[in-house]
Each structure stands twice: as structure tokens, then as C-alpha cells.
Amino acid sequence: MTHPVAIITTQRHALERGRALRAHIPHSVLYAPHPCCPQDAIPYTSLEESLHTLFRQKTAIIALCSVSILVRLLAPLIEKNARHPPVIALTLHNATHDTPSHTPSHAMYGERDTQRPFVIPLLSSHQASNSLARTIASIVNGVACISTLSDTLYDIAFDAPPEGWRLATKKHYKAWIRRLVNGTPLHISHDDSEGTRLPPTWHNTLRQLSAIKTDIKTDNDPSSHLHITTQWRHVKTDNPNLLTYVPQCLALGIGCESGTDPQALLHAVKDVCQRHNLSLKAIGGIFSIALKRHEPAIHALQKTLACPFTCYSAEQLLTCTDRLKTPSNDVFAITGCYGVAEGAALLGAGPAAKLLIPKHITGQITLAIAVAPQPLKQKKHGHIAIIGTGPGHTAMLTIDAHQQLQACDDVVGYQRYLHLLEPMLHTQQRHPFPLGEEEKRCKHAIQLAQTGRHVGLVSSGDPALYALASLAMQCLQADDSTEPLPSLSIHPGVTAAHAASARMGAPLSYDFCAISLSDLLTPWPTIEKRLLHAAMGDFMTALYNPRSQERTQAIIHAQRIFLDHRHGETCVLIARNLYRQDESLTISTLKDFLTHPIDMLTLILIGTEQTKTLDYQGKQYLYTPRGYAITPPAP
């Protein structure tokens, strides 16, 4: 799941620069102080509280303010050896302004740089801050103030290897890099097996460093020299002179019984790697047959190893039958292919792969490992965020929903909803659908996410109430493709019942229920039964989808059922187009509310016998007392 980048402005004149950054930085969200916050930004009232919340959520922070403010506000949250989100300060100096008389002298700083904003990474430099700072500098024509030693001296970060590579351990890294900077000789080696040569930029830089001659005392003591090695074999991590980079060139193939214990699978993988002296960090992908795409144990293993999980159909696995070491007719009878673990490993590692470990059986678990000539290509993991947009106006979006919209690459939804969200959308690709194509929307969102995209599936109100969340989950469960399964998150919105209640007072302040009158998915006898019990129980009742052009009798039947159990003067609220330009709110009675216009954009709230009206300061409100009146016991 992608975390958005927070662009924090602290003053009104910084908004345009914040918008410029948002337009160029994917998944970025603009924040502004409440008094001057425009519609396309998220307001905040306390800079300290907002920074703390974002920091704890591991959200990257770009703050258009002084370094001292960020240091002072975030210092209490910084923990030793913790993985913090990137934090960057951006000065507001503008090249179009005249240089003030109090700026540093040109002789010291250079004439050009005094006219350009400074981009200063403060935390997680090697993880993301330095790269993000350079991106920001290119956008604002600024200067990225990179201060980490390895970046400034060698143009590479030794503790942040290229994609497809991992550092075996960081246990001795700090002492190792200090000794390198101070001139300790460096030697480079690799084991000449598949996938062990670093990318050219890194390889050339390291070769140049190893060629440097020094005159420090350790030069004549090879045992104290520094070493870098690249290999996918397991390396002991207690050597303070050694830095080992592990290529993720191993493909792990898995076959297992349904319901396999996750711990048993993890133990089996560790055992195989230990027996064959392989590094767990060298596993670049997990592969199996499509029958296993929902297997919980494999998904748990995927999270532990932090690598993608890919499935193949039986037909795809059959294409590598001649490369299997142990083909099996019994396996074919069950799965339609002659080998799951070996075949999946070979397909995952590519056409030039070699089968390193043939089928290895531990109980009900079958494993195989293939090695590729280069690190496996890391597929981007897709995600579906099902987002509730509230009753209509963008002001009713929750901050969470707003953030999730910005984190998306694509937004899928009913065309009218996407139009209402337009002020919130910037770099996202829009995928509008006409009314009534809910299943197509869900399947389209899934297909996009399976390509590695971060997709927002938007729904009005709350997505889990008469909306798309449950349908999307049904589609995910029924999906039988071999594409990678996206991760899933659901983000609530303000539903129509709550919005209507707040608009007119507090009618939902006691026990209530919600019933949809649409019989497209629910048989009418079931709806009728629910209406009866709601009426008999004196529940405050919200009626969704009360009347369409074709379905006109349901609301009439509902009125009759309630009139059998409540008096005709029971309060009823008719709410239409909530929080939109043509909003209408009408308080009526149970016997008369059908005389008012009602359609699919209308919500009906039928009160309890104790729901009351309140005339207050020229406006009429509706509320239900907190609890029923109970006669206190005699003293």
C-alpha cells in the first residue's frame, strides 16, 4: 500500500509552491493552515499535532518552513535505530525576488545559489529523503543539500543498495563506513556465480575505490582491510571488515496442502536454505500454481520475506515439463501439470534459470529453488483502496479519504461521483462508469491493481453500507486469474443517515437501523420482514433507495407497515441531495410524508414514538431523547 507524501505549508504565500510540488510528485497531499486552507488542500489547526500524526503514520513529509521548526517539533518522536519516514525542509526563498541585503555573501555561497531555494533532507536520507530532495530541487530549481558522507564522497549510499539487492546485515555498517572514509583499503570480490554482479554504476565506483592506495598503518595488514562481497550464499555476519550484498536472484517454488500451518512453511523454507547454505535475503520471489493463490500460509511467508508472490496456471507450468528434475504423474492427476514447485521456480526465475534445489518434500510441503542470472525483476504490488466520499460535498470527505485519493494512481467510480471529486484529483487517472455498472467498476479496479497500480474505488456515503465494499470483496474472492492479488483497504465515509441526522439535529441518538427498499438484490418478503420488526421494535429507521421510476410501491408498503405500529404523527425526515446545491430537508409525519417528492437520491428517517421536533432560534430541529423515560423506583 502506497503512503502519500505530505506537503505542509505554514503560510498563505507558500500555497502556490506547494501546488507546484503536488503537480509533479505522485501521491502527494497538500496541507494548509485552517484559516487560509483552499478547497484542494487538507486543513490543519495545529502544525505540531499534524506533523506528529503524519510522522507516526510513516508518511513522507515535505515542510515549507525552517529547519529549526521541524527539528523542534519532531525531535520528541525520533528513536534510536528506528526506521523513520523521510522528512525534508524546503526554504521559501524565490529566485524571482531580489536578494535581501542580509543574505550571505556571494563570495562564500556563490551568486547563483543565494537565489535558489534549499531542499534539506533531515531523516531517512538513504532510504528515500536524498532521492526525494533531488526530485524537489529539480522541480523548484533549488539546491538539494545532501549531507550524508557516502553520497557526498562516493555518489552511492552503501547501506541502500540498488533495486534487487539487499545488504546481508547492517550490524557493523557504521563502523565500516567510518573506516572507509578514513582511508582503510578496500577489496572487492564476488563468487562468479549467477546474479552476483552489481549494476555498472555501483560496480565501477567500487572498483575505483578498491584501486586507491593509502598510507595508513593498516595498509600492510591485510587482515584489517575492508572487504565487499556479492553472493547469494549465506555469509556469517560477525566479521566487522565485511560488507556483503545479496542479489535477489533465487526463485522459491512452493506446493502445499490447503490449510498448511504458516509457521511450518516458514520453518521448512529456513531449513532448506540452511541445508544448502543459501541466504533467505536472496529469495526474490515466491511462485506457485493458481490453485494456491489464496493460500494463507504462502501470503504470510510473502510478508515475512518481503518479496512478491506470483501464480501460474497448470498450462503455463506444463511449458517447462522438459526442465523438471522429478516430474510426477500423480501431481499431474491432481493439478494438471507434472510439477508445481520445480515448474513454478523455473518459470519465476526465467528462461535462463537453473534448478538449484530440486523438489524437496517436508510433510505436506514441497519446495524447489531456481537461480536466475540476474536479480529477479521486482513487480510492484498493487493495492485497492475502497474509499467513501460522503454524502456529496468535498467538505464532507474525511482526512483519511482525502489522503487515500492522493495516494492513488487511478480512481474508478460512477461518473457523477468523480465529477464531484474533481477538486481533489490531480495526477490520478480517471475511470468513470455510468450508473448501474457496479460490478464492472469493481472488476476494472481489480484488473488495474493486478498490474501493480494503486487504485481508488470510490463510493458515495460509506463504502460498506449498501455500496461497493462487499461487492469488491466478492469479486476478489471469485477472481480466478493468475495475476497477483492486490492488497486491500477500506476507508469509511459519512453515510447518508448520519449526514441527514446531523443536518437536522439528532434523530439517531438512540437505537436505530437501516433498511434498503431496493429488491434488486434482496427479495421483497425479506425486506418486508425487516420493516415489520423495525416497526414493532420502535427503532429509528433509515430507509435507503426508497423509490425509483420502476419501483414505486415499496415505500407505500413500508408506510402501511409502520402505521400499523406507530401513530400517524410520528416524525419523519425527508432528506434529498444532502450537502449538494439542490439539497432539500423536510420534516413531515408518518401519515403525510408520501405527499412530498421522493426518489433514489432521497433518504427517509422514520422516527420512534419519542422522536420530537425542536423550534430553536428560528429553525426546526429533530431529535430522539437519549433513552426511554423510565419511572424511578419509589424511595
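Guide: Buried means under 20% relative accessible area, exposed means over 50%, and partly exposed is what lies in between. Please keep in mind that the model in front of us is predicted.

Visitor: Then let me try those words on L488: is it buried, exposed or partly exposed?
Guide: You can find L488 in strand β21, which covers residues 487-491. The relative accessible area of L488 is 35%. That value falls between the 20% and 50% cut-offs, so L488 is partly exposed.

Visitor: How much accessible area do M473, L488 and I490 have together?
Guide: M473, L488 and I490 form a nonpolar patch on the surface. Taken together, the accessible area of these residues is about 240 Å².

Visitor: Let's step back to the whole protein. How many helices and strands does the secondary structure come to?
Guide: The C-alpha trace spans about 100 × 85 × 60 Å along its principal axes. Within that span, the secondary structure comes to 20 helices and 29 strands.

Visitor: What percentage of the residues of the protein count as buried?
Guide: To count here, a residue needs a relative accessible area under 20%. The protein has 635 residues, and the share that count as buried is 50%.

Visitor: And what share of the exposed area do carbon and sulfur atoms supply?
Guide: The area that the protein exposes is about 31000 Å². Of this area, carbon and sulfur atoms supply 53%.

Visitor: Among contacts between residues at least 6 apart in sequence, what percentage join residues at least 24 apart?
Guide: Let's set aside pairs of residues that are fewer than 6 apart in sequence. Among the contacts that remain, the share joining residues at least 24 apart is 67%.

Visitor: Now to helix α8. Which of its residues line one face of the helix?
Guide: Helix α8 runs over residues 200-210, and W202, H203, T205, L206 and L209 are buried there. Looking down the axis of α8, you would find its buried residues within an arc of 165°, so they line one face of the helix. P200, T201 and Q208, on the other side of α8, are exposed. The face you asked about is therefore lined by the buried residues, namely W202, H203, T205, L206 and L209.

Visitor: Where is A353, and is it buried or exposed?
Guide: A353 is found in the loop between α13 (341-349) and β15 (354-362). Beyond its neighbours within four places in sequence, A353 is in contact with R323, L346, A370 and V371. Its relative accessibility is 12%, under the 20% cut-off, so this loop residue counts as buried.

Visitor: How far apart in space are A353 and F539?
Guide: In sequence, A353 and F539 are separated by 186 residues. From C-alpha to C-alpha, their distance in space is 66 Å.

Visitor: Which residue offers the backbone oxygen that the side chain of T541 reaches?
Guide: T541 is found in strand β24, residues 540-544, and counts as buried at 0% relative accessibility. Its contacts beyond four places in sequence are C513, I515, A534, F562, R566, I604, L605 and I606. The backbone oxygen reached by its side chain, at 3.0 Å, belongs to F539.

Visitor: On to salt bridges: how many does the count come to?
Guide: The rule asks for a side-chain nitrogen of Lys or Arg within 4 Å of a carboxyl oxygen of Asp or Glu. By this rule, the count comes to 17.

Visitor: In the salt bridge of D271 and R275, which partner counts as exposed?
Guide: D271 and R275 lie four residues apart in helix α9 (262-275), about one turn of the helix, and their side chains meet at 3.0 Å, N to O. D271 counts as partly exposed at 22% relative accessibility. The partner at 58% is over the 50% cut-off, so the exposed one is R275.

Visitor: With which residue does K443 form a salt bridge?
Guide: K443 is partly exposed at 42% relative accessible area, and its partner counts as partly exposed at 42% too. Both lie in helix α16 (438-449), four residues apart, about one turn of the helix. The closest N and O atoms are 3.1 Å apart, and the partner is E439.

Visitor: How far apart are the closest N and O atoms of K591 and D592?
Guide: K591 is partly exposed at 42%, and D592 is partly exposed at 31%. The two form a salt bridge, and their closest N and O atoms are apart by 2.9 Å.

Notes: Residues are numbered from 1 along each chain as its sequence is written. This is a predicted model: local features need pLDDT of at least 70, side-chain atom pairs count only at pLDDT 80 or more; totals for chains, interfaces and linings use all residues. Side-chain values use heavy atoms; hydrogens and water are left out. Helices (H or I, at least four residues) and strands (E, at least two) are DSSP runs, numbered from the N terminus. Buried means under 20% relative accessible area, exposed over 50%, partly exposed in between (1.4 Å probe, protein chains only). Contact means heavy atoms within 4.5 Å. Patches are made of residues with over 30% relative accessible area and no salt bridge: like charges are joined within 9 Å, nonpolar side chains (Val, Leu, Ile, Met, Phe, Trp, Tyr) within 5 Å. Accessible areas come from the Shrake-Rupley method with a 1.4 Å probe; for residues, only the protein chains shown count as cover. The arc is that of the directions from the helix axis to the C-beta atoms. A polar contact is a pair of N or O atoms within 3.5 Å; within protein, one must be able to donate a hydrogen and the other to accept it, and residues adjacent in sequence count only if both atoms are side-chain atoms.
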